[in-house]
Amino acid sequence: MEGLVRGIRSCQETLRVAILKHPRDRRNIFSRFGRVTSSLPVREKGLENLTVADILMTKGEDKIGSWLWCRTTDSVYDAVENMAKNNIGSLVVLKPGEQELIAGIITERDYMRKIIAQGRSSKYTRVGEIMTDENKLVTVTSDTSILQAMQLMTDHHIRHVPVIDGKIAGMVSIVDVVRAVVEQQGGELKRLNEFIKGEYY
């Protein structure tokens, strides 16, 4: 992961140097070629300015919903069934009650290590018994940069991070972050390539 971040920064530096070599045209470089279209509608505004909110926007309406969480009192079986049904790898765990107070997170890894590996029954074990507690929970806000989010995930060896803006705003995975980084860099590299091939003196 750190190699990916270094590679991205190297590409950004290459782009910056190329633009500085042609100061007369640097204002028109990107406008000349227009927006690069792609399958992932992340706005191209520079990798250092791309935020978790931009990733959440690519997820559309489905970025948040009751499928994203469970309660501490739910059985692990129900939580894992929910993950499988919605093709997700983790759930935010809420405390019992009407308020959405966060208690922690449960992941596929928790299930493997604390249920399967220990021979426990998922139907008779409560989520609260195996989840990662709130005090150890790593979260981001919607204005966290994706580079910061990637660094957090790398440092803590995690693949899912809840987005909390006072309440649950969504969930981002390392796949979401890497996809956005690759898409953003692809656009920048394409523009750099077009700039180098352009008629500049």
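Here a student and a tutor talk through a predicted model of one protein.

Student: How many helices and strands does the protein have?
Tutor: Start with the order along the sequence. The pattern reads α-α-α-β-α-β-β-α-α-β-α-β-β-α. Sorted by type, that gives 8 helices and 6 strands.

Student: What is the mean pLDDT of the protein?
Tutor: The model is predicted, so each residue carries a confidence from 0 to 100. In this protein, 68% of the residues reach 70 or more. The mean is 77.

Student: Which element has the lowest confidence, and which the highest?
Tutor: Begin with a weak stretch. Over residues 22–43 the pLDDT is below 50, though this stretch has 36 contacts in the model beyond near neighbours in sequence. Confidence is lowest in α2, at a mean of 37. At 96, it is highest in helix α6 (residues 127–130).

Student: What share of the residues counts as buried?
Tutor: Look at the outside as well. The protein exposes about 11,600 Å², and carbon and sulfur atoms supply 50% of it. A residue is buried when its relative accessible area is under 20%. Of the 201 residues, the buried share is 43%.

Student: Is strand β2 enclosed or open?
Tutor: Check one side, then the other. Ser90, Val92 and Leu94 are buried on one side of β2. Leu91 and Val93 are buried on the other. With 5 of its 5 residues buried, β2 is largely enclosed by the rest of the structure.

Student: Do β1 and β2 run parallel or antiparallel?
Tutor: Find a facing pair. Trp69 stands opposite Val92 in β2. In total, 3 bridges join β1 (residues 69–71) to β2, and the two strands run parallel.

Student: Is the β-α-β unit of β1, helix α4 and β2 right-handed or left-handed?
Tutor: Trace the path in order. Begin at β1, pass over helix α4 (residues 76–86), and arrive at β2. This β-α-β unit is right-handed.

Student: In what sense do β2 and β3 pair?
Tutor: Val92 helps again here. Val92 stands opposite Ile105 in β3. The pairing of β2 and β3 runs over 5 bridges, and its sense is antiparallel.

Student: How many salt bridges does a search of the whole structure find?
Tutor: Side chains of opposite charge can pair when their charged atoms come close. The cut-off is 4 Å between a side-chain nitrogen of Lys or Arg and a carboxyl oxygen of Asp or Glu. The search of the whole structure finds 5.

Student: How far apart in sequence are the parts tied together by Lys95 and Glu134?
Tutor: Lys95 and Glu134 form a salt bridge, with their closest N and O atoms 3.8 Å apart. Lys95 sits in the loop between β2 (90–94) and β3 (102–107). Glu134 sits in the loop between β4 (132–133) and α7 (146–156), so the pair ties together parts that are 39 residues apart.

Student: Is Lys95 buried or partly exposed, and what about Glu134?
Tutor: Partly exposed covers values between 20% and 50%. Glu134 has a relative accessible area of 42%, so Glu134 is partly exposed. Lys95 has 34%, so Lys95 also counts as partly exposed.

Student: Which residue of the salt bridge between Lys114 and Asp110 is buried?
Tutor: The two side chains meet at 3.5 Å, N to O. Both lie in helix α5 (residues 108–116), 4 residues apart, so about one helical turn separates them. Lys114 is partly exposed at 27%. At 7%, the buried residue is Asp110.

Student: What separates the closest N and O atoms of Arg120 and Glu129?
Tutor: Take accessibility first. Arg120 is partly exposed at 31%. Glu129 is partly exposed at 47%. The two form a salt bridge, and their closest N and O atoms are separated by 3.1 Å.

Student: What distance separates the C-alpha atoms of Thr51 and Asp143?
Tutor: Thr51 lies in the loop between α2 (29–33) and α3 (52–58), and at 15% relative accessibility Thr51 counts as buried. Beyond four places in sequence, Thr51 is in contact with Ser142, Asp143, Thr144, Ser145 and Ile146. Thr51 and Asp143 are 92 residues apart along the chain, yet their C-alpha atoms are separated by 5.5 Å.

Conventions:
Residues numbered from 1 in each chain as written. Predicted model: local features only at pLDDT ≥ 70, side-chain atom pairs only at ≥ 80, totals over all residues. Heavy atoms only, no water. Buried < 20%, exposed > 50% of the residue type's maximum accessible area, 1.4 Å probe, protein only. Areas by Shrake-Rupley, 256 points an atom, 1.4 Å probe, with all protein chains shown as cover. Contact = heavy atoms within 4.5 Å. Pairing = 2+ DSSP bridges. Right-handed = clockwise from strand over helix to strand, strands pointing away.
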